[in-house]
Amino acid sequence: MTIALALALGAVIGALLGLLGGGGSILAVPALVYVLGLDVQQAIPMSLIVVGTASAVGVLPRVRAGQVQWRLATVFALAGIPATFIGTAIGRHLPQSVLMIGFATVMVVAGIRMLQENAGTGTACRVGDGGINWRRCAPRSIPAGFLVGLLTGLFGVGGGFLIIPALVLMLGVEMSIAVGTSLLIIVANSAAGVLSHLSGADIDWAIAAAFVGTAIAGSLIAGQFGARLDTRRLQRWFAYLVFAVAVYVLVDTLFVR
């Protein structure tokens with residue numbers, strides 16, 4: 001029964017990833033905790049396996065299309081990977097209730113980001129004929145990369161809802177490049193997150209494999225329909241779903257457990 005639930009949940013999370021191009025993975029940890037009954041220390045590395053694998057599949061066509069800023073992704077990863085290990089270490093010393101409250105807070109922030117429409121872009125890392133101005137870009141991209149890595153280690157989220165706005169609005173990267181670069185950063189941080197959790201988590205690899213397998217399949221299938229749907233409306237309704245799940249997590253953590 002548990003494997004069947006993992007297969008179903010993976011398909012749902014994967015479909016959301018395929019339709020929305022990211023963000024759907026933020027429901028992975030609550031699904032694993034509340035539907036499959038795992039504790040948060042087991043759910044986080046499983047979520048990262050799904051996030052990292054799905055992002056690796058998604059970034060391949062972006063790499064072939066030249067839509068990845070490799071040096072900027074490297075800066076984010078070099079700042080984010082150590083932060084991922086720090087976040088994991090902090091999380092091991094926090095009660096599950098504190099982690100779930102923190103996760104609900106991250107969900108609310110992600111939902112707000114999904115509802116916002118920002119047309120402006122920054123200029124710090126804008127790529128022109130002269131390339132990136134690292135003197136202006138590095139002081140902004142390194143703290144952003146560190147924050148994303150910290151959240152990855154703490155909560156098992158990919159952080160795309162923060163990476164893409166940081167790349168576009170703060171650093172001035174074009175959206176098409178930002179998406180591909182974000183996916184590559186998520187792959188690196190997720191891999192570091194899984195490694196940092198291996199020694200302290202009892203991962204059920206059968207459930208993880210089922211979850212990842214259907215998530216990839218669901219993402220690829222739903223991705224074929226995403227281009228023909230009103231993704232802006234889907235994202236808005238998904239944001240409301242994220243808010244609802246965040247409220248459930250808070251109520252369950254504060255008043256039920």
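In the predicted model, the side chain of T214 makes a polar contact with the backbone oxygen of A210 at 3.0 Å; a polar contact is a pair of N or O atoms within 3.5 Å, and within protein one atom must be able to donate a hydrogen and the other to accept it, while residues adjacent in sequence count only if both atoms are side-chain atoms. T214 belongs to helix α9, where helices (H or I, at least four residues) and strands (E, at least two) are DSSP runs numbered from the N terminus. T214 is classed as buried because its relative accessibility is 18%; buried denotes under 20% relative accessible area, exposed over 50%, and partly exposed the range in between, with a 1.4 Å probe and protein chains only. Beyond its neighbours within four places in sequence, T214 is in contact with A6, L7, G10 and A11, contact being defined as heavy atoms within 4.5 Å.

Residues are numbered from 1 along each chain as its sequence is written. Because the model is predicted, local features need pLDDT of at least 70 and side-chain atom pairs count only at pLDDT 80 or more, whereas totals for chains, interfaces and linings use all residues; side-chain values use heavy atoms, with hydrogens and water left out.

Helix α9 also holds I216. I216 counts as partly exposed because its relative accessible area is 22%. Although I216 and A54 are 162 residues apart in sequence, their C-alpha atoms are 5.8 Å apart in space. When neighbours within four places in sequence are set aside, the contacts of I216 are T53 and V57.

The chain contains 10 helices and zero strands, giving the pattern α-α-α-α-α-α-α-α-α-α along the sequence. Of its 257 residues, 49% are buried. Of the contacts between residues at least 6 apart in sequence, 83% link residues at least 24 apart. The accessible surface of the chain amounts to about 11600 Å², and carbon and sulfur atoms account for 67% of it; accessible areas come from the Shrake-Rupley method with a 1.4 Å probe, and for residues only the protein chains shown count as cover.

The largest nonpolar core comprises 49 residues, and I26, L27, M107 and F155 have the most contacts inside it. Such a core is a set of buried Ala, Val, Leu, Ile, Met, Phe, Trp, Tyr and Cys residues joined through side-chain atoms within 4.5 Å. Two or more residues of this core come from each of α1 (2-20), α2 (28-34), α3 (40-64), α5, α6 (134-155), α9 (205-226) and α10 (231-256). Another core, of 22 residues, lies apart from it and includes V59, A73, L183 and I186. With residues up to four places away in sequence not counted, L27 touches I13, L16, M107, F238, L241, V242 and V245.

A further polar contact involves T152, whose side chain reaches the backbone oxygen of V157 at 3.0 Å. T152 is placed in helix α6 and is considered buried because its relative accessibility is 0%. Apart from its neighbours within four places in sequence, T152 has contacts with L48, T84, V157, G158, N189 and S190.

In helix α7 (residues 160-170), the buried residues include F161, I163, P165, A166, L167 and V168. Just after α7, G172 adopts a positive phi of about 80°. E174 is located in the loop between α7 and α8 (175-198) and is exposed because its relative accessible area is 55%. The C-alpha atoms of E174 and I164 are separated by 9.8 Å, with their positions 10 residues apart along the chain counted as their separation.

On the surface, I86, I90, L94, V98 and F146 form a nonpolar patch of about 360 Å². Patches are made of residues with over 30% relative accessible area and no salt bridge, like charges being joined within 9 Å and nonpolar side chains (Val, Leu, Ile, Met, Phe, Trp, Tyr) within 5 Å; a salt bridge is a side-chain nitrogen of Lys or Arg within 4 Å of a carboxyl oxygen of Asp or Glu. Within this group, I90 is situated in helix α4 (residues 70-92) and is partly exposed because its relative accessibility is 37%. S97, in helix α5 (residues 96-115), is likewise partly exposed, at 35% relative accessibility. S97 and V249 stand 152 residues apart in sequence, with a C-alpha to C-alpha distance of 9.6 Å.
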